[in-house]
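Subject: Handover of a structure and the findings so far

Dear colleague,

I am handing over the structure below for your attention. Please look through it before reading the notes that come after it.

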Amino acid sequence: MKVLLVNKFHYLKGGSETYYFGLGELLKEYGCEVIYFSMKDSKNYPCDQEKYFVENVDFNAPMGKIQLARTAMKMLYSVEAKNKFERLLIKERPDIIHLNIFQSQLTSSIVDVAYKYNIPIIYTAHDLKSICPDYQMLDHGKVCEKCIYGNYWNCFRAGCMKDSKAKSLLAFMEATLYKWKRTYQKMDLIITPSLFYKKQIERSGITKSPVIHMPNFLPKNTKYLQSKKIGEYFLYFGRLSREKGILTLIKAYQNAKVECPLYIVGNGPMKKKIEQLIEQLHIKDKVKLLGFKSGNELNSLVKRSLCVCLPSEWYENGPYSIMEAMASGKPTIVSKIGGLPEMVEDGINGYVREAGDINGFADALIKMEELTEEEYLYMSKRNMEKAMNLFNYEQYIIQLLSYYRAVLRQYDSVVV
């Protein structure tokens, strides 16, 4: 079976790319031939299909009116992506196309081409772009569901896409075009890493195609560990952005008056505000900004931590930061929002608190620090066991291949 994986980034940028590359390796291991389609970038990993990749487009860059107008046309429908994707399909003749993040840069034009050539389309929804012009379902930092039933004009009216009226207008136009073209109806199967996302997409009515819930998998080489002792510090790692709730976490930490320090790992647009808040609260000696870390350095920080905190204030899907923490046997403190409560059971393998609740998170920090060694090691064991069960790569790929074959049978295709 030949599988064409599609994602707008072809380098390790975030969770969707972790999935994209990890899935490619798994498919190869299970006997599939894997090819790729993406966007050009100097950071891209080498790829035999890179000559078909589209030119790089950055919609987050500052734009003048003329540049914005030109970019708008590419965002709504990329003729370049259509033509290159068609050439790739004709040459490679894949059995299945598996889409990841394709909107904006690659556009629905590639869905039209796949549909034209009668090739089955699977889509893993890593975000909620299919039902909200602002993929985060946020209006200036607050959860918003006004667009969920297709009234995308709300996005422009509120200016919620990147806090920009111009970009919100583009997002409104893109979402409206996809709805009019029935883009998500053309997909044979939609996969969501969280049950919450499945329910949101089904609720929206954007598609009549089957929507199934499959938690993301961890790589084959993942080491599942149980802590042997209580850790040394609270840890947040990830993007420093408004929707992650880091300011809430810092305020909660100040209120909790706990002994263990708080380490914050990552970079992002909120860095200066975080520094200012730490200074304002006079806790520079206890809250440490460590910058971006990855690989062995990040793994070491996770392993020595008391717990991992993710106080998100948007609809998280199935974040790899929590998956990796669980595999390392680390208890977690998370918000009761999106897919997070599906991963963390309050008082069992961590603590769950209402998003934005400073006092609630302060209480969770205190509880975590006050755990006895026996209670802490039990929580660590439960995390490890849950991770092994939920994020098993073998279970994932066997189930996915069964869905591939089921879809192919509907097309009367022969599986090689």
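The notes that follow describe the sheets, the helices that pack on them, and several individual residues.

Please keep in mind that this is a predicted model.

**The sheet that begins with β2**

One open sheet consists of six strands in the order β2-β1-β3-β4-β7-β8, with parallel pairing. Its edge strands are β2 (33–37) and β8 (211–213), each of which pairs on one side only. Neighbouring strands in this sheet are turned against each other by 25 degrees on average, direction ignored. Within the sheet, β4 (residues 121–124) is joined to β7 by three bridges, and the two strands run parallel. Y123 has I190 in β7 as its bridge partner. Helix α3 (residues 79–92) lies across β1 (2–6), β2 and β3 (96–99), and runs at about 165 degrees to β2.

**The sheet that begins with β11**

A further open sheet of six strands, also paired in parallel, has the order β11-β10-β9-β12-β13-β14. Because β11 (287–291) and β14 (350–353) each have a single partner strand, one side of each is left without a neighbour in the sheet. The twist from one strand to the next averages 20 degrees. Four bridges connect β10 (residues 262–265) with β11 in the parallel sense, and I264 stands opposite L289 in β11.

Two helices can be described together with this sheet. Helix α8 (residues 246–256) lies across β9, β10, β11 and β12 (307–310), running at about 165 degrees to β10. Helix α10 (residues 295–304) packs on the sheet and touches β9, β10, β11 and β12; its direction makes about 145 degrees with that of β9.

**The loop between α6 and β7**

T183 lies in the loop between α6 (165–180) and β7 (189–192). Is T183 buried or exposed? T183 counts as buried because its relative accessibility is 0%, and the cut-off for buried is under 20%. Leaving aside residues up to four places away in sequence, T183 touches F102, S108, V111 and Y178. T183 and S130 are 53 residues apart in sequence, and their C-alpha atoms are 9.2 Å apart in space.

R182 is found in the loop between α6 and β7 as well. The phi of R182 is near 55 degrees, a positive value in a residue other than glycine. Most residues other than glycine have a negative phi.

**Other residues to examine**

H140 also has a phi near 55 degrees, which is positive although the residue is not glycine. H140 is placed in the loop between β5 (138–139) and β6 (142–143), and is partly exposed, with a relative accessible area of 36%.

N216 sits in the loop between β8 and β9 (234–237). With a relative accessible area of 5%, N216 is buried. Its contacts, not counting residues up to four places away in sequence, are Y19, P193, G318, Y320, M323, L390, F391 and Y396.

On the surface, W153, L169 and M173 form a nonpolar patch with about 250 Å² of accessible area together. Of these residues, L169 is found in helix α6 and is partly exposed, with a relative accessible area of 31%.

Yours sincerely

Methods: Residues numbered from 1 in each chain as written. Predicted model: local features only at pLDDT ≥ 70, side-chain atom pairs only at ≥ 80, totals over all residues. Heavy atoms only, no water. Buried < 20%, exposed > 50% of the residue type's maximum accessible area, 1.4 Å probe, protein only. Contact = heavy atoms within 4.5 Å. Patch = residues over 30% accessible without salt bridge, like charges linked within 9 Å, V, L, I, M, F, W, Y side chains within 5 Å. Areas by Shrake-Rupley, 256 points an atom, 1.4 Å probe, with all protein chains shown as cover. Salt bridge = Lys/Arg side-chain N within 4 Å of Asp/Glu carboxyl O. Pairing = 2+ DSSP bridges. Axes fitted to C-alpha atoms, helices over the stretch in contact; angles between N-to-C directions.
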